[in-house]
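Hello,

Here is the structure I promised to pass on to you. Please have a look at it first, and then read on for my notes.

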Amino acid sequence: MTNLTTRRFDSRSALDAALAERLARAITATGPSAIMLSGGTTPLPAYRALARRALLHDAGLRILFSDERYVPSDSEASNYHQSRPLLDALGLQPLAILRVRTELSLEEATADYERSLAALLASGVRIGLGLLGLGADGHTASLFGAADLERSRGNLAIAVPRPDGMSAVSVTPDFLSRIEELLFVVAGDGKHAAIRAFVGQDPQLTAWRAVQGSPAVQLWFA
């Protein structure tokens with residue numbers, strides 16, 4: 001059974017500061033570990049704040065992504081590109097960053113990410129923290145509806161046709177269930193209904209369905 005806890009912040013700045021501290025603890029954890037970063041604009045202030053700090057980390061640290069739009073890796077729409085200030089500040093080697101290789105075809109990029117995630121799981125490295133967002137429509141990562149969830153079965157990563165006309169590669173509920181702690185970080189107007197549905201564990205909400213198999217889920221919002 002999923003253990004859901006929630007935390008409401010009085011301001012966006014308080015949420016940003018708390019997220020930065022939680023990420024800092026995960027980054028500086030002892031021993032090999034992996035962290036899943038989310039895309040979107042909500043976590044960017046925390047990423048940038050951490051990039052200005054000299055954080056020491058284990059040589060076995062790995063970074064991966066919840067999803068990625070199928071755009072060039074230097075595009076402003078790329079989650080990998082948006083996180084580069086943090087990645088560069090950590091001085092991670094290329095092999096320590098599991099990214100969706102959008103220079104490949106969409107099918108090849110999806111298969112490549114699937115293999116990378118499978119290898120990470122097989123290595124025994126603990127995935128201690130995974131960040132996720134929550135859309136106003138109730139999506140998370142690039143899982144937008146029941147069809148995406150159904151296609152996810154038996155996979156760690158899938159290609160997704162996004163409602164905005166773009167394509168993306170997303171992790172799946174099967175992969176999310178392997179992460180020790182999932183942390184939804186939510187801010188912005190228009191998400192109150194989605195937050196209420198998530199807190200109420202609405203079985204029709206895509207985001208809730210995606211994490212029902214996960215051991216520990218937190219929802220932080222401002």
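Below is what I found, going from the whole chain down to single residues.

Please keep in mind that this is a predicted model.

**The overall picture**

The protein has nine helices and 10 strands. Its radius of gyration is 16 Å, close to the 17 Å that the globule rule gives for 222 residues, so the protein is as compact as a globular protein of that length. Along the principal axes, the C-alpha atoms fill a box of roughly 40 × 40 × 35 Å.

Of the 222 residues, 51% are buried. If we take the contacts with a separation of 6 or more, 73% of them come from residues 24 or more positions apart.

As for the outside, the accessible surface comes to about 10000 Å², and carbon and sulfur atoms hold 50% of that. The protein carries 22 positive and 23 negative charges, and the mean positions of the two sets are 5 Å apart.

**Helix H1**

Helix H1 covers residues 12–27, which makes 16 residues. From the first C-alpha to the last, H1 reaches 22 Å, close to the 22 Å expected at 1.5 Å a residue.

Which residues of H1 are buried? They are Leu-15, Asp-16, Ala-18, Leu-19, Ala-20, Arg-22, Leu-23, Ala-24, Ala-26 and Ile-27. You will see that Asp-16 and Arg-22 are on that list. When you look at the pattern, it may help to recall that an α-helix has 3.6 residues a turn, so residues three or four places apart point the same way.

Ala-17 also sits in H1, but this residue is partly exposed because its relative accessible area is 43%, between the 20% and 50% cut-offs. Between Ala-17 and Asn-155 there are 34 Å from C-alpha to C-alpha, with 138 residues separating the two in sequence.

**Strand S1 and its start**

Strand S1 runs over residues 3–8, and Asn-3 belongs to it. Asn-3 is partly exposed, at 47% relative accessible area. Beyond its neighbours within four places in sequence, Asn-3 is in contact with Pro-215, Ala-216 and Val-217. The C-alpha atoms of Asn-3 and Glu-181 are separated by 9.8 Å, although the two residues are 178 apart along the chain.

**Around strand S3**

Two residues here go well together. Leu-61 lies in the loop between helix H2 (44–51) and strand S3 (62–65), while Ile-63 is in S3 itself.

Is Leu-61 buried or exposed? Leu-61 counts as buried, since its relative accessibility of 1% falls under the 20% cut-off. Ile-63 is buried too, with a relative accessible area of 3%.

What do they touch, leaving out residues up to four places away in sequence? For Leu-61, the partners are Ile-27, Ser-33, Ile-35, Leu-90, Leu-92 and Ala-96. Ile-27 is also one of the buried residues of H1. For Ile-63, the partners are Ile-35, Leu-37, Leu-87, Leu-92, Ala-96, Ile-97 and Leu-98. Ile-35, Leu-92 and Ala-96 therefore appear in both sets of contacts.

Two distances round this off. The C-alpha atoms of Leu-61 and Asp-16, 45 residues apart along the chain, are separated by 23 Å. For Ile-63 and Leu-131, 68 residues apart along the chain, the separation is 11 Å.

**Two residues with positive phi**

Most residues other than glycine have a negative phi. With that in mind, please check two places in the backbone.

- Ala-141 is not a glycine, yet has a positive phi of about 50 degrees. Ala-141 is in the loop between strand S6 (126–132) and helix H6 (146–152), and is buried, with a relative accessible area of 9%.
- Gln-201, again not a glycine, has a positive phi of about 55 degrees. Gln-201 is found in the loop between helix H8 (192–199) and helix H9 (206–211), and is partly exposed, with a relative accessible area of 36%.

Both residues are in loops, but Ala-141 is buried, whereas Gln-201 is partly exposed.

Happy to go through any of this with you.

Best wishes

Conventions. Residues are numbered from 1 along each chain as its sequence is written. This is a predicted model: local features need pLDDT of at least 70, side-chain atom pairs count only at pLDDT 80 or more; totals for chains, interfaces and linings use all residues. Side-chain values use heavy atoms; hydrogens and water are left out. Helices (H or I, at least four residues) and strands (E, at least two) are DSSP runs, numbered from the N terminus. The radius of gyration is taken over C-alpha atoms; the globule rule is 2.2 Å times the number of residues to the power 0.38. Buried means under 20% relative accessible area, exposed over 50%, partly exposed in between (1.4 Å probe, protein chains only). Contact means heavy atoms within 4.5 Å. Accessible areas come from the Shrake-Rupley method with a 1.4 Å probe; for residues, only the protein chains shown count as cover. Lys and Arg count as positive and Asp and Glu as negative; His and the chain ends are not counted. The place of a charge is taken as NZ of Lys, CZ of Arg, CG of Asp or CD of Glu. The expected span of a helix is 1.5 Å times one less than its number of residues.
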